[in-house]
Amino acid sequence: MTSDGIAVQTGAPATPRGRRGRRSVDVPALVERARDGDARSVARLISLVEDASPALREVAAALAPHTGGAQVLGLTGSPGVGKSTTTTALVRALRQAGKRVGVLAVDPSSPFSGGALLGDRVRMQDHAGDDAVFIRSMASRGHLGGLSWATPQALRVLDAAGCDVVLVETVGVGQSELEIASLADTTLVLVAPGMGDGIQAAKAGILEVADVFVVNKADRDGAQQAVRDLRYMQSLGGRYSEPGGWRPPIVKTVASRESENGIDEVLVRVEEHRVWLESSGEGHRRRAERAAREIEAIALAALRERIGDLRGTTALGALAEQVVAGESDPYRAADELVAQL
Ligand SMILES: Nc1nc2c(ncn2[C@@H]2O[C@H](COP(=O)(O)OP(=O)(O)OP(=O)(O)O)[C@@H](O)[C@H]2O)c(=O)[nH]1
Ligand SMILES: [Mg+2]
């Protein structure tokens, strides 16, 4: 299998879902080809996990021995702050350093992918023809928990496919930045001058998730003020004051520039953070926490499904009758129901 060309993928299935569901999948072969860098196989595997295909369990099991090597960088920030531009610049710099790079552009608001991120995809095609970059747009399908379902599995695919670094871009709205932080080894929070982003960041709890602050659009007025705002907010304490703790550095960038754009310094800070994660044990703690959340999400989904199955069953009906008759209360009945699962 060759690894020709970049794969710019949307979440839109290449074949109708019904048909794909029935077609049998040679998972070991697919994983083997993905590990050789075959972009189509990587895309297929991500589709399988994204669609919760019947082969999902087999895929997860086949990927597991090959994961753990990728460094995951999360990028978040308000709409239009320059996340995609920064991602593109980071990909360029990482490629120059000889790294294999994966990009997941996650749209937390849309149940469909490909639409809102169209502009990103076009811009990302800067890297077209590069066989060591894999780019995928995905929606988080609007399920409970936002990013928590498909994104970690897609990360595993890119990890197993040998990406040294995976960049995950998501718009910082609502809970998504907190979720991205739980997925990433290092979270970059982007702000731009004059957007009141510093204040917004403090409100949204973004300060707590940032490992590196990036003040992008530093070619505009107010960049230094944005840096000062962030410094001031850091000075108010929080986790930064702990001894041996990590104090998120603040880097100014002009991501839209080809060179002297500050991106190299971002990568230096990311590397420093990686070293700190390793030496402090925080890196391992984060990964274990991430795995625990994944297991929890899968287990909760399974439980929800089983509880759903109980609707209209005699067990639930009988318990309901007891509650109506005052022979039991809903809490005791729920305990009994759970015990029966
Ligand atoms: N002046 C200036 N413009 C920039 C810079 N970086 C990005 N832009 C511009 O800002 C606009 C938004 O950039 P994007 O990279 O699409 O921002 P984004 O955060 O990915 O946007 P969403 O994905 O829609 O949330 C584009 O027109 C970019 O060209 C910069 O450093 N300076
Ligand atoms: Mg974008």
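**Helix 7, the cores and a tryptophan pair**

Q: Which residues of helix 7 are buried?
A: This is a predicted model, in which local features need pLDDT of at least 70, side-chain atom pairs count only at pLDDT 80 or more, and totals for chains, interfaces and linings use all residues. Residues are numbered from 1 along each chain as written, chains are lettered from A and ligands numbered from 1 in the order written, and side-chain values use heavy atoms, without hydrogens or water. Helices are DSSP runs (H or I, at least four residues; strands, E, at least two) numbered from the N terminus, and buried means under 20% relative accessible area with a 1.4 Å probe, protein chains only. In helix 7 the buried residues are Ala 150, Thr 151, Pro 152, Gln 153, Ala 154, Leu 155, Val 157, Leu 158, Asp 159 and Ala 160.

Q: Which helix supplies the largest share of the largest nonpolar core?
A: A nonpolar core joins buried Ala, Val, Leu, Ile, Met, Phe, Trp, Tyr and Cys residues through side-chain atoms within 4.5 Å. Among its 34 residues, Val 42 and Leu 158 are two of those touching the most other members. Helix 7 (150-160) and helix 3 (39-50) are among the elements that each supply at least two residues. The largest share, 7 residues, comes from helix 3.

Q: At what angle do the ring planes of Trp 246 and Trp 276 lie?
A: The structure holds 1 aromatic pair, with Phe, Tyr or Trp (six-membered) ring centres within 6.5 Å; planes under 30 degrees apart are stacked, over 60 edge-to-face and the rest tilted. The pair is tilted because the planes of Trp 246 and Trp 276 lie at 40°.

Methods: Buried means under 20% relative accessible area, exposed over 50%, partly exposed in between (1.4 Å probe, protein chains only).
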